[in-house]
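Thanks, everyone. I'll walk through one model today, piece by piece. Here it is.

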Amino acid sequence: MNNIDSKNVKILVVEDDKGISDFVIPELEHEGFKVCLAETGRAALEKFEQENPDLILLDIMLPELSGLEVLRRIRAVSNVPVILETARGETIDKITGLNSGADDYIPKPFEIEELLARINALLRRVNSMRSNEDKLSVRALTLNVGRMSCSIEGNELVLSKTEFLMLKCFVENQGKVLSRSNIIDEIWGKGHFIDENTVDVYVGYLRSKIAEHTKEEYIKTVRGTGYIMG
């Protein structure tokens with residue numbers, strides 16, 4: 001199905017709905033993934049510590065601690081890939097989850113083929129980044145792609161994974177105007193129905209963090225089109 005070695009990938013499924021977990025887990029195991037289950041928010045944090053998963057499938061609605069709170073606590077210590085399960089049509093959940101550091105989301109109910117496609121696409125993206133130690137730079141801004149770190153004028157920028165990927169997209173396309181849809185395709189993949197305003201929110205975050213260390217403008221708005229790094 002893909003070039004991911006699923007036998008070496010452990011997935012933590014955080015889901016309190018037994019109907020969903022009984023459906024998802026056998027399918028993941030059939031694909032060769034190692035799978036562990038947590039049914040509450042607190043159990044998710046315990047399993048995360050014990051199992052050191054390679055990817056987390058995380059429901060937002062959980063007993064004890066919400067999925068968003070679990071995500072925030074995990075993001076304080078780890079960049080492990082996280083796919084959120086959201087209620088279909090709940091845009092606010094999607095935006096909040098992405099802003100909290102989720103790498104992707106999938107609305108429920110979902111087809112197993114779509115879930116597997118998202119898992120494999122995310123794992124390929126993460127593996128590609130880990131294998132690439134190249135540094136990218138624009139003026140005083142430097143990105144270490146393999147380590148997912150960034151500095152400007154010698155000062156480290158603390159970025160979420162999505163912020164880093166967006167900044168990397170701008171740096172790789174320096175001097176090229178990128179539309180919001182271009183950016184969505186690069187960060188979340190084609191076929192994702194991300195509100196274009198989400199791009200504006202992340203650009204605002206990046207500009208704010210860059211402005212803490214320099215007065216130079218890196219990401220410029222092209223009215224009616226999108227953004228450009230110059």
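Start with helix 8, residues 196–211. Helix 8 lies across strand 11 and strand 12. Its direction makes about 145° with strand 11. Keep in mind that this is a predicted model.

Now the sheet under discussion. Three strands form an open sheet, in the order 10-12-11, with antiparallel pairing. Strand 10 (178–179) and strand 11 (219–222) stand at the edges. Each has a single partner strand, so one side of each is left without a neighbour in the sheet. Strand 11 and strand 12, residues 226–229, pair over four bridges. For a register check, take Val222: its bridge partner in strand 12 is Gly226.

Next, the other open sheet. Five strands, order 2-1-3-4-5, and here the pairing is parallel. The edge strands are strand 2 and strand 5 (104–108), and each pairs on one side only. On average, neighbouring strands of this sheet are turned by 20° against each other, direction ignored. Strand 1 and strand 2 run parallel and are joined by five bridges. Leu12 stands opposite Cys36 in strand 2. Helix 3 packs on the sheet, touching strand 3 and strand 4 (82–87). The direction of helix 3 makes about 150° with that of strand 3.

Helix 2 comes next, residues 41–51. Which residues of helix 2 are buried? Gly41, Ala44, Leu45 and Phe48. They cover an arc of only 95° around the axis, which puts them on the same side of helix 2. The general background: an α-helix has 3.6 residues a turn, so residues three or four places apart point the same way. What do the buried residues of helix 2 pack against? Strand 1 (10–14), strand 2 (34–38), strand 3 (55–59) and helix 3 (67–75). Right after helix 2 comes Asn52, with a positive phi near 50°.

On to the cores. The largest nonpolar core has 51 residues. Leu141, Met166 and Leu167 have the most contacts inside it. Helix 6 gives the most to this core, with seven residues. Take Met166. Leaving out residues up to four places away in sequence, Met166 touches Ile183, Ile187, Trp188, Val199, Tyr202, Val203 and Leu206. There is also a second, separate core of 21 residues, which includes Val24, Leu28, Val35 and Ile112.

Stay with helix 6, residues 161–172, for one lysine. Lys161 lies in that helix. Is Lys161 buried or exposed? Buried, because its relative accessible area is 4%, and the cut-off for buried is under 20%. What about its polar end? The backbone oxygen of Asn79 lies 2.4 Å from a polar atom of the Lys161 side chain. Beyond four places in sequence, the residues that Lys161 touches are Asn79, Val80, Pro81, Asp103, Val126 and Met148.

Met148 takes us to the hairpins. Strand 6 (residues 135–138) and strand 7 (residues 141–144) run antiparallel, joined by four bridges. Lys135 has Asn144 of strand 7 as its bridge partner. Two residues sit between the strands of this hairpin, and Arg139 takes a positive phi near 50°. Strand 7 also pairs with strand 8, residues 149–152, antiparallel over four bridges. Leu141 has Ile152 of strand 8 as its bridge partner. That hairpin has four residues between its strands. Met148 in the turn has a positive phi of about 55°.

Last, the backbone oddities. Most residues other than glycine have a negative phi, and most peptide bonds are trans. So where are the exceptions? Glu64 is not a glycine, yet its phi is positive, about 75°. Glu64 lies in the loop between strand 3 and helix 3. Glu64 counts as exposed because its relative accessibility is 53%, and the cut-off for exposed is over 50%. Glu153 is not a glycine either, and has a positive phi of about 50°. Glu153 is found in the loop between strand 8 and strand 9 (155–156). At a relative accessible area of 43%, Glu153 is partly exposed. And one cis peptide bond: Lys108 to Pro109, omega near 0°. Pro109 lies in the loop between strand 5 and helix 5 (112–131).

That's my list. Over to you.

Key
Residues are numbered from 1 along each chain as its sequence is written. This is a predicted model: local features need pLDDT of at least 70, side-chain atom pairs count only at pLDDT 80 or more; totals for chains, interfaces and linings use all residues. Side-chain values use heavy atoms; hydrogens and water are left out. Buried means under 20% relative accessible area, exposed over 50%, partly exposed in between (1.4 Å probe, protein chains only). A polar contact is a pair of N or O atoms within 3.5 Å; within protein, one must be able to donate a hydrogen and the other to accept it, and residues adjacent in sequence count only if both atoms are side-chain atoms. Contact means heavy atoms within 4.5 Å. A nonpolar core is a set of buried Ala, Val, Leu, Ile, Met, Phe, Trp, Tyr and Cys residues joined through side-chain atoms within 4.5 Å. Two strands pair if DSSP finds at least two bridges between them. Axes are lines fitted to C-alpha atoms, for helices over the stretch in contact, and angles run from 0 to 180 degrees between N-to-C directions. The arc is that of the directions from the helix axis to the C-beta atoms.
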